[in-house]
Amino acid sequence: NRPNMLRQALASLQAQTDKVWEAVVVDDGDGRGLDLAQSLGDNRIRALENKGKGQVVARNTALSVATGDIIAWLDDDDWWEDANHLTRVKNALQAPALVHSHGYFVFTDKNDERVPYELSATLESMQKDNTLLTSSVAYPKFFHDELGLLDTNVEGYFDWDWYLRVFAAGYSLHTINSKDVCYRLHAGGRSSEAANPNRLKGFEMLKQKHGLE
């Protein structure tokens, strides 16, 4: 239900210097995302409906139909600031790994003020906190063939759960040392729902699943 934000996200993808990509847009809302994606007239952009099933199921829907060798997440309210982001991702994935880059928090309630985000992340630190920007993450698609799809049971912590599953399978974490991503913080974002009962339930399930304290 955020077509203007989605337009910006897709424009940042179309602006990439690497032009070989496929976008799978899954609309979990009122259909305006489908209309926007289809109106762009770009045959690299596919649009699917997934109404009323939640964001994790929507992501799994996209993963089930994606045809590329690399998966890169891009939420509709974020965008890739650097046109070389996909090039860096592909170069970093010459060997199988989970890769991520740094970026900026963009605060919509403060006239889009930007705050640089460059927190470190290691295999050890991820046992205590998730410091990866969702829309900066990429990895080989075959990880899902090996490990399965995203876990719907952990609610909004599907991303942290996925990273821990990848690490447990023996794959490494690689940091791209550039600020490629703009991560928007706004009233309608899922990041603002930490006290939501379902989110708290998901957090408890995440802890139990991975033995976290």
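**View 1. R88 sits in helix α4, which covers residues 85-92.** This is a predicted model, and R88 makes a handy place to start looking around. With a relative accessibility of 27%, R88 counts as partly exposed. Skip the neighbours within four places in sequence, and R88 is in contact with D82, I176, S178 and D180. If you go looking for G54, you'll have to travel: R88 and G54 are 34 residues apart in sequence, and their C-alpha atoms are 31 Å apart in space.

**View 2. Here is the largest nonpolar core, with 26 residues.** W73, L98, Y139 and Y163 are the ones with the most contacts inside this core. Two elements, α3 (55-65) and α6 (158-168), give it two or more residues each. Helix α6 supplies the largest share, with 7 residues. Set apart from this core is another one, made of 12 residues, including L13, V25, L36 and A37.

**View 3. Zoom in on Y139, one of the core residues with the most contacts.** Leaving out neighbours within four places in sequence, Y139 is in contact with L63, D69, I70, I71 and W73. The list carries on with L93, A97, L98, H144 and W162.

**View 4. Aromatic rings join up into a cluster here.** Ring pairs link W73, Y139, F142, F143, F158, W162, Y163 and Y171. W73 also has a charged companion: R59 lies over the face of its ring, at 5.8 Å from the ring centre. A similar kind of arrangement can be looked up at Y104, where the charged end of R114 sits over the ring, 5.8 Å from its centre.

**View 5. Y157 and W160 form an aromatic pair.** The count of aromatic pairs in the model comes to 14. In the pair shown here, the rings are 6.5 Å apart centre to centre, with 50° between their planes, so the pair is classed as tilted. Y157 is buried, at a relative accessible area of 14%. W160 is buried too, at 7%.

**View 6. Helix α6 packs with helix α7, which spans residues 197-210.** Their axes are 10 Å apart and meet at an angle of about 10°. That is why the two helices count as roughly parallel to each other. On the α6 side, the contact is made by W160, D161, L164 and R165. On the α7 side, F203, L206, K209 and H210 do the job.

**View 7. D42 lies in the loop between α2 (32-39) and β2 (45-49).** Loop or not, D42 counts as buried, with 13% relative accessibility. Beyond the neighbours within four places in sequence, D42 is in contact with Q14 and W21. D42 and Q14 are 28 residues apart along the chain, and their C-alpha atoms are separated by 9.0 Å.

**View 8. D112 and E155 each have a positive phi without being glycine.** For D112, phi is near 60°. You'll find D112 in the loop between β5 (98-107) and β6 (113-117). Its relative accessibility is 42%, so D112 counts as partly exposed. For E155, phi is about 55°. E155 lies in the loop between α5 (142-147) and α6. At 28% relative accessibility, E155 counts as partly exposed as well.

How values were computed
Residues numbered from 1 in each chain as written. Predicted model: local features only at pLDDT ≥ 70, side-chain atom pairs only at ≥ 80, totals over all residues. Heavy atoms only, no water. Core = buried A, V, L, I, M, F, W, Y, C linked by side-chain atoms within 4.5 Å. Buried < 20%, exposed > 50% of the residue type's maximum accessible area, 1.4 Å probe, protein only. Helix = DSSP H or I, 4+ residues; strand = E, 2+ residues; numbered from the N terminus. Contact = heavy atoms within 4.5 Å. Phe/Tyr/Trp six-rings, centres within 6.5 Å; stacked < 30°, edge-to-face > 60°. Lys NZ or Arg CZ within 6 Å of the ring centre and 35° of its normal. Axes fitted to C-alpha atoms, helices over the stretch in contact; angles between N-to-C directions. Parallel < 35°, antiparallel > 145°, perpendicular 65-115°, else oblique.
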